[in-house]
Amino acid sequence: MGTSKGYLPPTGHFWSETKRAVSSMNRNNYSSSSIGKAISSFSKASSGTRNQGNAAIGASGAKALNFADLVKSIGLNNALNQVGLAHLVGKDSQTVFEGLVNYFSEGTNSLQQSIADQAMQEYMEEMMGSVRSTEELENAFAKMDSEVFIQDYLSKYVEVSFFTNFAEKINALCKDIGQAMKMQERIKEFIRLEIADNYNRDGLKSMDWKGREGREYIEKKCEEVWGIFEQWGDSE
């Protein structure tokens with residue numbers, strides 16, 4: 001994914017620094033240090049404009065977790081009925097899955113919402129990759145751990161955010177598409193590992209994912225995740 005047409009990226013010192021850091025990744029063969037510096041600069045450059053993205057992530061993540069809690073308590077079909085998706089009851093697993101991804105999405109009124117939606121779609125496709133029946137789909141939601149979901153979903157959001165802005169530049173710097181794909185995987189792995197090593201789980205017992213409390217909690221965790229990369233840059 002490249003920068004969306006019509007999208008005005010951040011400006012100023014940190015944004016110029018970020019673009020230089022992305023070029024530096026290529027010169028340094030995408031070392032962990034060069035990737036970290038680029039994502040740290042990106043986090044700082046976007047700090048003043050990401051509230052909308054945090055809010056979109058909070059809303060979509062809370063929808064997914066609320067649905068998972070419903071599945072755990074009343075089953076898949078009853079959960080579908082409760083959230084207004086009765087038309088999906090009795091459909092094949094792929095149709096139900098696609099309907100749920102659409103339901104969890106926040107729409108595409110802004111680039112940040114589009115990024116949140118893309119992150120949700122990619123995350124759900126990875127999570128549900130082996131699902132072949134509605135029974136397996138129900139089981140996947142019934143086993144969803146809230147804190148694991150939030151951490152993994154936020155990791156995916158950072159990935160999509162970064163590549164929305166820089167995938168085209170990375171592709172252009174690499175000698176061919178094979179190298180570009182390999183380097184993008186290296187960046188994704190760096191993001192996942194940094195978050196895995198530094199993410200603070202809060203020992204959640206219960207949360208009202210349908211209300212403001214759940215949305216605001218995920219928004220807060222989203223900002224904490226961005227802070228991981230800002231702190232990484234400060235520590236280097």
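Hi everyone, this is a short tour of one predicted protein chain, from the whole fold down to single residues.

Before we start, residues are numbered from 1 along each chain as its sequence is written. The model is predicted, with local features needing pLDDT of at least 70 and side-chain atom pairs counting only at pLDDT 80 or more, while totals for chains, interfaces and linings use all residues, and side-chain values use heavy atoms, with hydrogens and water left out.

Let's begin with the whole chain. What does its secondary structure come to? The answer is 10 helices and 0 strands. Helices here are DSSP runs of H or I with at least four residues, strands are runs of E with at least two, and the numbering goes from the N terminus. Read from that end, the order is α-α-α-α-α-α-α-α-α-α. The chain is as compact as a globular protein of its length, because its radius of gyration is 18 Å, close to the 18 Å that the globule rule gives for 236 residues. That radius is taken over C-alpha atoms, and the rule is 2.2 Å times the number of residues to the power 0.38. Along the principal axes, the C-alpha trace spans about 55 × 35 × 35 Å.

Now for the inside and the outside. Of the 236 residues, 50% count as buried. Buried means under 20% relative accessible area, exposed means over 50%, and partly exposed is in between, using a 1.4 Å probe and protein chains only. The accessible surface comes to about 11500 Å², and carbon and sulfur atoms hold 44% of it. Those areas come from the Shrake-Rupley method with a 1.4 Å probe, and for residues only the protein chains shown count as cover.

How about contacts along the sequence? Among the contacts with a separation of 6 or more, 75% are between residues 24 or more positions apart. A contact means heavy atoms within 4.5 Å.

A quick word on charge. There are 26 positive and 32 negative charges, and their mean positions are 5 Å apart. Lys and Arg count as positive, Asp and Glu as negative, with His and the chain ends not counted. Each charge is placed at NZ of Lys, CZ of Arg, CG of Asp or CD of Glu.

Let's zoom in on two helices. Helix α6 covers residues 111-127, and its 17 residues reach 24 Å from first C-alpha to last, close to the 24 Å expected. The expected span is 1.5 Å times one less than the number of residues. Its buried residues include L111, I115, M120 and Y123. And which helices do the buried residues of α6 pack against? They pack against α3 (51-74), α5 (93-104), α7 (134-142) and α8 (146-173).

Helix α5 has 12 residues, which should span 16 Å, and its end C-alpha atoms are indeed 16 Å apart. Among its buried residues are V96, F97, G99 and L100. The buried residues of α5 pack against α3, α4 (76-82), α6 and α7.

Next, have a look at the loop between α1 (13-27) and α2 (32-45), where N29 lies. N29 has a positive phi of about 55 degrees although it is not a glycine. Y30 lies in the loop between α1 and α2 too, and Y30 also has a positive phi of about 55 degrees without being a glycine. Is Y30 buried or exposed? Y30 is buried, at a relative accessible area of 2%.

Let's finish with some residues that link distant parts of the sequence. G36 sits in helix α2 and is buried, at 0% relative accessibility. G36 and F190 are 154 residues apart in sequence, yet their C-alpha atoms are 7.8 Å apart in space. Leaving aside neighbours within four places in sequence, G36 is in contact with F190 and W232.

R215 belongs to helix α10, residues 212-235, and is partly exposed, with a relative accessible area of 30%. Its C-alpha is 8.2 Å from that of I57, although the two are 158 residues apart in sequence. Beyond its neighbours within four places, R215 is in contact with G58, A59, A62 and K210.

Last comes N139 in helix α7, which is partly exposed at 37% relative accessibility. The C-alpha atoms of N139 and V71 are separated by 8.6 Å, with their positions 68 residues apart along the chain.

Thanks for listening!
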